[in-house]
Structures are given as structure tokens and as C-alpha cells.
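User: Please take a close look at the salt bridges for me, and begin with the overall fold so that I can place them. I am in my first year, so a slow and connected explanation would help.

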Amino acid sequence: LFDGQGGFIFGADGIAGQMRVTVDLSTGDPGLPMLGGDVLLQINTTGKAVNQTITVGNTNIAIKFTATEGNVVRFAILNATISVPPFFELTGDFTVQTEGEMTLYGARNVEIFLGSIPAGQTLRDDAGDLNPDAVGLLVTNASVGLVKWATAPGASSTTPARYAVYAYGEASLVGVDGLTISGSITVRLNNSGQALDKSIILPSDPLAAVPVHLNGEDDDADG
């Protein structure tokens with residue numbers, strides 16, 4: 001864990017704040033799972049809008065939530081990489097959030113590879129070009145949004161779960177000489193019995209951190 005930063009405000013109404021830390025669990029050993037990315041947490045339990053700035057050393061960290069984000073918890077992994085060489089690789093941005101009775105799951109910029117890559121090589125080079133020796137199924141430009149409603153108090157244990165799902169991705173078979181298969185996939189499901197128009201917000205990376213001397217205010221009292 002490294003490059004951690006964040007700030008929290010504690011008050012009579014609750015807590016508001018955010019933090020980020022970079023994770024790198026790469027072992028370098030072939031066949032062992034590897035995990036990396038920027039882990040973010042945003043929380044606001046005050047029940048109202050928050051717009052404050054915390055100064056940490058030479059950096060200002062903005063704690064901002066709108067009135068509609070008065071009771072929210074967001075967890076996200078950005079720039080995530082999960083791989084089990086040489087058979088599986090998953091990259092993208094992922095989030096889990098709670099808003100009232102809803103739990104929201106989201107993913108963007110997702111790429112999934114299932115197949116085989118020569119030992120010691122990667123799916124893509126530093127320029128982002130696909131390894132010509134990779135063979136398998138590749139899904140790119142994928143995004144997923146899922147909303148799940150909490151079970152109503154007193155409801156039977158057999159009551160079906162209520163959820164809505166949107167998913168999109170572009171799939172192709174790569175590395176097989178003489179065979180080209182590709183296409184896009186879209187999935188829409190909603191068994192909630194109600195219309196839904198909801199955006200799942202993934203926190204930006206990095207946090208809204210601005211050097212003290214660049215925010216237009218005399219925070220360091222140097223005139």
C-alpha cells in the first residue's frame with residue numbers, strides 16, 4: 001500500500017470524507033494472482049450537502065457532496081488490474097455504493113481476457129498494443145451497471161430480489177489464424193416493476209487535491 005491520502009470531517013450530524021490508497025499485490029511469480037489499482041472510499045452520513053476543504057501539508061483535499069448525496073457510501077477500485085498469468089486478465093474501474101434502500105454496482109473501461117499468453121509476456125505492451133501471441137476471448141470497452149433494492153421489512157424470505165441491470169461489451173476471438181469472430185453485446189434487465197433513470201458515479205482519480213498555493217486562497221498565510 002502506498003500513495004495514501006484523504007480527509008474526514010467529524011461532526012454532530014455524522015461523518016463526511018474520502019480517502020485513496022494505491023495497492024500493488026504483484027508477486028512476480030508466474031501462475032500466482034496479481035492485483036493492483038487505486039482504492040477509493042467516499043462517505044457522507046450527515047444527511048446534507050458538504051463543501052469543505054482540509055489542508056494536509058501542502059495539499060488541499062476537497063470534501064464535496066451534494067444535497068442528494070447526504071447519505072452515501074462509495075467504494076471503488078480505479079485502474080484495477082487482476083490477473084492470473086497466463087490465462088486470465090481483468091482491467092477497469094469498479095465501484096460498490098449504497099444509497100438509501102439501493103445498492104449500486106458499476107464498472108467501466110473493462111477489459112477481460114480468457115485464454116493463453118506466452119510465459120513472461122503481457123496482454124498489451126506499453127503502447128497499449130495487443131500481444132500478437134495472445135490466443136483467446138477478449139472483451140473490451142465493457143461497462144456494467146446494476147441496482148439492487150433491499151428486501152422490504154416483513155417481506156417473505158421467498159420474495160424475489162428486485163434489481164435492474166445494464167451491460168455492454170465488445171467481444172472478439174483473437175490469435176486464431178484464419179478465423180475472425182467479433183460482435184457487441186448489450187443486456188438490459190429490470191424486474192423491479194418501476195421505471196429507473198439512475199447514474200452510477202465512479203469517483204474521479206486522483207482525489208480533488210490541489211496544492212495550497214494554487215487554490216486562489218491564502219491558506220498558508222504568506223500574504
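Analyst: **Salt bridges and their setting**

If you read along the sequence of this predicted model, the chain follows the pattern β-β-β-β-β-β-β-β-β-β-β-β. In other words, the chain has 12 strands and zero helices.

Nine strands form an open sheet, and their order across it is β1-β2-β3-β6-β7-β8-β9-β10-β11, with antiparallel pairing. The sheet has β1 (residues 2-11) and β11 (residues 181-190) as its edge strands, each of which pairs on one side only. From one strand to the next, the twist averages 5°. To see the pairing in detail, you can follow strand β2 (residues 14-24) beside strand β3 (residues 34-44), which pair in the antiparallel sense over nine bridges; here Q18 stands opposite Q42 in β3.

With that frame in place, we can turn to the charged side chains. In general, side chains of opposite charge can pair when their charged atoms come close. How many salt bridges does a search of the whole structure find? The search finds six, and three of them are worth following here.

One of them joins D13 to K48, with the closest N and O atoms 2.7 Å apart. D13 lies in the loop between β1 and β2, while K48 lies in the loop between β3 and β4 (residues 50-56), so this pair ties together parts that are 35 residues apart in sequence. Partly exposed covers the range between under 20% relative accessible area, which is buried, and over 50%, which is exposed. At 45% relative accessibility, D13 is therefore partly exposed, and K48, with a relative accessible area of 42%, is partly exposed as well.

Another salt bridge is formed by D93 and R108, whose side chains meet at 2.9 Å, N to O. Since D93 lies in strand β7 (residues 88-99) and R108 in strand β8 (residues 102-116), the pair ties together parts that are 15 residues apart in sequence. Are the two partners buried or exposed, or do they fall in between? D93 has a relative accessible area of 6% and is buried, whereas R108, at 30% relative accessibility, counts as partly exposed.

The third example is the salt bridge between E69 and R74, where the closest N and O atoms are 2.4 Å apart. In this pair, both E69 and R74 are buried. Taken together, the examples include a pair with both partners partly exposed, D13 and K48, and a pair with both partners buried, E69 and R74.

It helps to set these pairs against the chain as a whole. Buried residues make up 30% of the 223 residues in the chain, and the chain exposes about 13100 Å², of which carbon and sulfur atoms supply 57%. Links between distant parts of the sequence can also be counted through contacts: among those between residues at least 6 apart in sequence, 54% join residues at least 24 apart.

Finally, the surface also holds a nonpolar patch, made of V135, V176, L179 and I181, with about 290 Å² of accessible area together. One of its members, V176, lies in the loop between β10 (residues 162-174) and β11, and at 32% relative accessibility V176 counts as partly exposed.

Notes:
Residues are numbered from 1 along each chain as its sequence is written. This is a predicted model: local features need pLDDT of at least 70, side-chain atom pairs count only at pLDDT 80 or more; totals for chains, interfaces and linings use all residues. Side-chain values use heavy atoms; hydrogens and water are left out. Two strands pair if DSSP finds at least two bridges between them. Helices (H or I, at least four residues) and strands (E, at least two) are DSSP runs, numbered from the N terminus. Axes are lines fitted to C-alpha atoms, for helices over the stretch in contact, and angles run from 0 to 180 degrees between N-to-C directions. A salt bridge is a side-chain nitrogen of Lys or Arg within 4 Å of a carboxyl oxygen of Asp or Glu. Buried means under 20% relative accessible area, exposed over 50%, partly exposed in between (1.4 Å probe, protein chains only). Contact means heavy atoms within 4.5 Å. Accessible areas come from the Shrake-Rupley method with a 1.4 Å probe; for residues, only the protein chains shown count as cover. Patches are made of residues with over 30% relative accessible area and no salt bridge: like charges are joined within 9 Å, nonpolar side chains (Val, Leu, Ile, Met, Phe, Trp, Tyr) within 5 Å.
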